[in-house]
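Me: I would like to go through this model with you, one topic at a time. May I begin with the strands?

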Amino acid sequence: MARRAEADRPQSGWRRWLRKIVIWGGSLALLGALFLGLAVAFAARSMPSFYQLKATQTAQTIVVRARDGTEIVAIGPSYGKWLSSDQIPQVMKNAMVAVEDRRFYMHPGVDPYGLARAVYVAITGDKRVSATSTITQQLARNVFLNNNRSLDRKAREMILAMALEAKFSKEQILELYLNKVYFGGGAYGIDSASRNFFSHPATELSTAEAAIIAGLVKAPSRYSPTADVDAAVGRASVVLRLMKEQGMIAPDVTVDPSAVNLKEEKGQNSVRYFTDWALPQLDLLLPETFEPIEVWTTLDTGMQRAATAAIKGNVPGGAQGALVSLDRDGAILALVGGTDYVETSYNRATDALRQPGSSWKLFVYLAALEAGYTPDDRVVDTPVTIDGWSPRNSSGRNVGEIDVRTAFAYSINTVAAQLGNEVGFGTVASMAKRFGITTPIKTYPSMVLGSNEVRLIDMTRAFAVLSAKGASVEPYGIVKVTTAGGKLLYQHERRRSSQLVADYVAAGMTDLLQTAVNTGTGRAAQIGRPVAGKTGTTSSNKDGYFVGFSSGITTGVWMGRDDSKKVGGLQGGTAPAKAFAAYMRYAVKGRPVEEFDTDLKLPEWQLEPDDEYMLGDPDDYYFVDEQGNLIEPGEPQGPRDDPFGDAQPGPGEAQRPGRGADGAPQAVGDDFLDEATGARRDRRPRPSQTPTPQPSIEIIRPR
C-alpha cells in the first residue's frame, strides 16, 4: 500500500498543478473578458448615433499651390448620393463581402480566423498569408482612427468594431461602409465611385462594375480603372472568382470586366505626377488633422509646362518619358512622370527602376578622381577582359592612348572598365550610395556601364551635388502647410549640407561633364551657356538618359518603353538630350550665366613636380658637406687646366659639374652622383686607386 501511495504521489502533484493552471488561466480569461466587455459597452454607449455617422464626413480638402502662391490643383472628397441599404444593389454588397470579409455575417466585429492570421504573420513574417481587417474594423478605422500600424491603434480598432456590432445591425454597418469607404480619385462611397468611373449612379451597377469597385478598396491608386485598366480588370476577376467560390454567382455565369465602358476623363495634366509624389509625405509631416489645408510647394508652373512640352515633343513614338528638375537647394521645380497622366498615372520619374547606361560613369570617374586621377592624365583605350567580361566601345574601335577627359567625353567603355577595376567596383558602389542612390547595387564588373537599376530622381540628385560643388542635396517638394485660415502647420527647414567629395574632385568631375556636352556625346544638350552633363544608353536602345546642370538648375531626362522593348534610334545623346535642351532654355532664361569652377586645386599629396623641373638648371643646385656647410656653386674645384672636371677631386673636395664618360655635359660628375645616390657603396674601388674618404653629400633644391 505504501508503494502504491508513493506511485500515486507524482500523478496527484501533476494534477494539482494542472488544476492551478486551469483555475488561474480561467480567472485571467474571465477578467479579460469582463474588461473587454466593459470597454466595448463604454465605447458603444459613447458612440454617435447612426444618423450622426451618416452626416459626418471625415475626408479632407487640400489646396495645392505653386511656388508663387497660385493654386495649381484642389484635391478634395467627392461625395455621391447617400444610398440606403435597400437602394444598394445586392451584387455590390456581395462583391464587397466576398473580397473584404467573407465571414462578415457571422463574426462579432472581429474575425477570430483573421486575428489568428494576423498573429501568424506578425510572428513568422510570411506575407503570403492574408491578414486583412474585417469590414467592421475598416469602418471603425476610417470613421474614428488613423492608418498608423501601432498595436495600440489595432486594439482600439477591435474594441470599436465590436462596439459598432453591438450598437448597429449588419445592414447598417454595411450601409455606412459602402457610403464612406474611399475608392480612389477623390471618390468616397460607391455612388461617387460609380459616377466617376462609369458615368451613372451606383443603383445601376452591373456585376462586372460592382466587382471593379469592390476591388479598389485594397489599393485605390493601383487598381483605379482610370490609372491602369489592366490592373483594375485583373483585380475584378479575383473578386468574381471569390464570389463564385462563395456561392454568390452561379458557376456557369460568365462576367467579363474588360467589357465595361469607362468614363473618359478630361482636364487632368502632368502636375498630378508631382502631387502624387509630394502629398503622401503629409502623413509624416503633419499631426493628424481633418480640417482643410493649403500646401505650398516648390513647383514652378511655367517650368512644369515647359517640361511637359519638352517630353511630349521629343519622345519617340510608342515610348514614354520622364523629367525631374531640381534647384540648387534640392527644390523640385518640375516633375513629369509620363507623357499623359490620364493614360497612366504611373510615375516614371520617382518610381520606375531603369538602367542609366553610361550616365552611371559619373560614379566611376568620381571614384577615380578621388583616388588621384586628373582630367589630363593619360589612359589607354585598349581591349580588356575582367573576370571573363570583355566590354566593347559603341564605335567598335579602340583609339589607344588618350586623356581621361576625352575618354569620359566620348564615353569610352574600355577605359571606364579599367578605372572601375583599378579603384574597385565596391568603391564605385559606395560612391553612388554616397551621392544618394537608394536602390540595391551589384558590384560585378559590368556595373561600371550602368547595369544597375536606378530611379531618375536619384540620378538627378547625384548630378545636383556637383552643381552644388560637392555639397549634399536633398530633393523636396513641400515648402509649408497652413490651415485654410492661415495657421502654420509645417515649415520646411533645409537640412545642414555635408561635403560629399573634396572641392578638387567636384571641379575635376565638372570639367569632364562640361567637355561631354561641349565636344562629346552630349552636344545636343547645348543651350548657349555653360552646361555640364552626361548621356546614357542601355543595350538594344531600351533606355535613353541625359542628366546635366546649368545656372544652378539640374535636370534629368529618361525615355524608353514600359515593357523595356527596344526603341529604334533612342540614345541618350539624341531625344533625351534634345528634351533637356528644350526645357533648360526656358528654365534658365531668367538666371545669370554661370561659369563652372573647373580649377583643379589639388591636395599636396597629389602635387608632383614634373621631370624637367626635377632636372632643373645646374645653377639651381647647392652642395652641402657632411657637416651641413654650404658649398657655393661656381667654377669647378678641380685643376684649372681641366675645364670639364675630368681630374679626380682632391681630399675634401666634391665632384663638380663636367662631362660624363660619353662626353656629354652634365650638371655634376659621375662620382658626385654616385655619392649622392649611394651607388658608390655598391662599387668596389678600382685596384689602381686608393680609396679616399669622402664627405656625405646631399642635394637641396630651393623651394
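Me: How many bridges join strand 1 to strand 5, and do they run parallel or antiparallel?
Reply: This is a predicted model. In it, strand 1 and strand 5 run parallel and are joined by four bridges. Within this pairing, Val 64 stands opposite Val 295 in strand 5.

Me: What pairs with strand 5 in the antiparallel sense?
Reply: Strand 10, residues 478-483, does so over five bridges, with strand 5 covering residues 293-297. The bridge partner of Ile 293 in strand 10 is Thr 483.

Me: Which order do the strands of the sheet have?
Reply: The order is 2-1-5-10-11, in an open sheet of five strands with mixed pairing. Strand 2 (71-75) and strand 11 (488-491) are the edge strands, each pairing on one side only. On average, neighbouring strands of this sheet are turned by 15° against each other, direction ignored.

Me: How many residues of strand 5 are buried?
Reply: Four of the five are buried, so strand 5 is largely enclosed by the rest of the structure.

Me: Which strands does helix 12 lie across?
Reply: Helix 12, residues 271-278, lies across strand 1 (62-65), strand 2, strand 5 and strand 10. Relative to strand 2, helix 12 runs at about 60°.

Me: And at the other end of the order, how do strand 10 and strand 11 run?
Reply: Strand 10 and strand 11 run antiparallel and are joined by three bridges. Val 481 has Tyr 490 as its bridge partner in strand 11. The two strands form a hairpin with four residues between them, and there Gly 486 takes a positive phi near 100°.

Me: Changing topic: where is Ala 319 found?
Reply: Ala 319 is in the loop between helix 14 (301-314) and strand 6 (320-326).

Me: Why does Ala 319 count as buried?
Reply: Its relative accessibility is 8%, and buried means under 20%.

Me: What does Ala 319 touch, beyond residues up to four places away in sequence?
Reply: Its contacts are Thr 339, Gly 560, Arg 561 and Val 567. Val 567 is 248 residues from Ala 319 along the chain, yet their C-alpha atoms are separated by 7.2 Å.

Me: Now the interior. Which residues have the most contacts inside the largest nonpolar core?
Reply: They are Trp 360, Phe 363, Tyr 365, Phe 435 and Met 509, in a core of 85 residues. Leaving aside residues up to four places away in sequence, Tyr 365 touches Val 404, Ala 407, Phe 408, Ile 412, Val 415, Ala 416, Leu 419, Met 509 and Leu 512. There is also a second, separate core of 53 residues, which includes Phe 168, Ala 187, Ala 236 and Ile 249.

Me: One last topic: at what angle do helix 3 and helix 9 pack?
Reply: Helix 3 (residues 90-100) and helix 9 (residues 207-216) pack at about 40°, and their axes are 9 Å apart. That angle makes helix 3 oblique to helix 9. The crossing of the two helices is right-handed.

Me: Which residues make the contact?
Reply: From helix 3 they are Val 91, Met 92, Ala 95, Met 96, Val 99 and Glu 100. Helix 9 contributes Thr 207, Ala 210, Ala 211, Ile 213 and Ala 214.

Technical notes: Residues numbered from 1 in each chain as written. Predicted model: local features only at pLDDT ≥ 70, side-chain atom pairs only at ≥ 80, totals over all residues. Heavy atoms only, no water. Pairing = 2+ DSSP bridges. Axes fitted to C-alpha atoms, helices over the stretch in contact; angles between N-to-C directions. Contact = heavy atoms within 4.5 Å. Buried < 20%, exposed > 50% of the residue type's maximum accessible area, 1.4 Å probe, protein only. Core = buried A, V, L, I, M, F, W, Y, C linked by side-chain atoms within 4.5 Å. Parallel < 35°, antiparallel > 145°, perpendicular 65-115°, else oblique. Left-handed = near helix turned anticlockwise from the far one by under 90°.
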